[in-house]
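Hi,

Here is the structure I said I would pass on. Have a look at it first, and then read on for what came out of it.

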Amino acid sequence: MALYNIITAILGLILAAGIFILIRKDYLHPIYSLWWLFIAIGALSFGVYPKLSDILASKLSVGYPPILIIVVALVLIFAKSLIMDIERTKNKCTLRKLVQEVSILKEELECLKSQIKQIEKK
Amino acid sequence: MKKFDKNNKILVVIPARNEEKTIDKVVEEIRNLDLPVLVVDDGSSDGTATVARMAGAEVISLVHPLGTWGALQTGFRFAMWHNYHVVVTVDADGQHSPIYLEKLLEPVISNTVDVTIGMYPERLSKARKAALFVFRYLAGINYYDLTSGMRVYGPRAIKLLSSEQATTIDYQDIGILLLILNNGLNIKEIPVTMNNRTHGKSRLFNSWFAVCKYIFYSLLLSIGKRKILTFNQSKEK
């Protein structure tokens, strides 16, 4: 096994192990962990078998195999950031609604409390 | 001044942030018309909430600041919960005189239109007029005072504006008008006059960053949410 093979395998293993630990310790929601599980398996596969990119590149008629991984990685990063922005928009919307409804309920609770006090005084 | 029929279930919503110097007069003037007033305090650091309450308004203090539209939408949600049929919005800085409310309320109460806007484009600077001209052209709408906060909303508009669809919007102007028009509701502008602001400064245009953010946001909305024409409307054109 050549030195670069060992280095890529170690890097792939570290990345995959890190992601698995985060999933096991519940730092990632199960839905997000699916995505990262997929990334961890990819990193492990390409790290342990760097020739995999050569095989895939020749099947897809890509002249320079390393660029295939870079292009795929860029597409995945782009997709992930787009999904994250959609999620952020949804979260912002939910947060605004929560703030509005909690504020209304807080005011109504204060009103009810003062009404109860007035009734008790009578 | 004419007092309004309580059967119409009208609620006046005033979004306010650090307006303790003017809010009492605004609330008192509207309370004199026998209308209930809801002040939505958008994270004031002064005594706005206390002053408004003393003047006779019900006050909702937002647990986290949401900006003018977020504060107004709280009022719409409150109106939905309490079955109000009409919501009137006015600014807390005293620019809007309640003498025009009757004129603005009449078409909404009689169900002729869904929304009326108090129009006074004379108050706008040349730069703001030019910017609004561009937004109007891009958005394909023919209303002149897009930033006026003096408006009256009927039941259909209240339902629409308290929905989640309206929660993603950041400002009360173009985004809200396009949402209303794209949902088949109608808007009428009614000429009014407005007073000059005596205290504080506009929240919308309080820094160059805020101005740039507003322009960029409005441009995007004008293009992206341009009034959708139905097949018949486009044929008529």
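A quick definition before anything else: a polar contact here is a pair of N or O atoms within 3.5 Å, where, within protein, one must be able to donate a hydrogen and the other to accept it. Also keep in mind that this is a predicted model.

Let me start inside chain A. The domain assignment splits it into domain 1 (1-49) and domain 2 (66-122). Taken over C-alpha atoms, the centres of these two domains of chain A lie 32 Å apart. They do touch: six residues of domain 1 of chain A are in contact with four residues of domain 2 of chain A. Between them the two domains of chain A bury about 450 Å², with 80% of that on carbon and sulfur atoms. On the domain 1 side of chain A, the residues that lose the most area to domain 2 are A:Tyr32, A:Trp35 and A:Phe46, which together make up 78% of what that side buries. By class, the side of domain 1 of chain A that touches domain 2 has six nonpolar residues, no polar ones and no charged ones.

So what holds for polar pairs at that interface? With both residues at pLDDT 80 or more, the rule finds zero residue pairs in polar contact across the interface of domain 1 and domain 2 of chain A. Salt bridges across the interface of these two domains of chain A also come to zero.

Now to the two chains. Here 21 residues of chain B are in contact with 16 residues of chain A. The area buried between chain B and chain A is about 1700 Å², and carbon and sulfur atoms give 63% of it. B:Val63, B:Arg77 and B:Trp81 supply 33% of the area that chain B buries against chain A, more than any other three residues.

Chain B and chain A have three salt bridges between them. One of them joins B:Arg53 to A:Glu107, with the closest N and O atoms 3.5 Å apart. There are also nine residue pairs in polar contact between chain B and chain A, both residues at pLDDT 80 or more.

Last, the cysteines. A search of the whole structure finds zero disulfides over all chains. A:Cys93 has a relative accessible area of 12%, so it is buried, while A:Cys111, at 27%, counts as partly exposed.

Cheers

Notes:
Residues numbered from 1 in each chain as written. Chains lettered and ligands numbered in written order. Predicted model: local features only at pLDDT ≥ 70, side-chain atom pairs only at ≥ 80, totals over all residues. Heavy atoms only, no water. Domains from an automatic or database assignment. Contact = heavy atoms within 4.5 Å. Buried area = accessible area lost by both parts, 1.4 Å probe. Salt bridge = Lys/Arg side-chain N within 4 Å of Asp/Glu carboxyl O. Polar contact = N/O pair within 3.5 Å; in protein donor to acceptor, adjacent residues only side chain to side chain. Nonpolar A, V, L, I, M, F, W, Y, C, P; charged D, E, K, R; others polar. Disulfide = S-S within 2.5 Å. Buried < 20%, exposed > 50% of the residue type's maximum accessible area, 1.4 Å probe, protein only.
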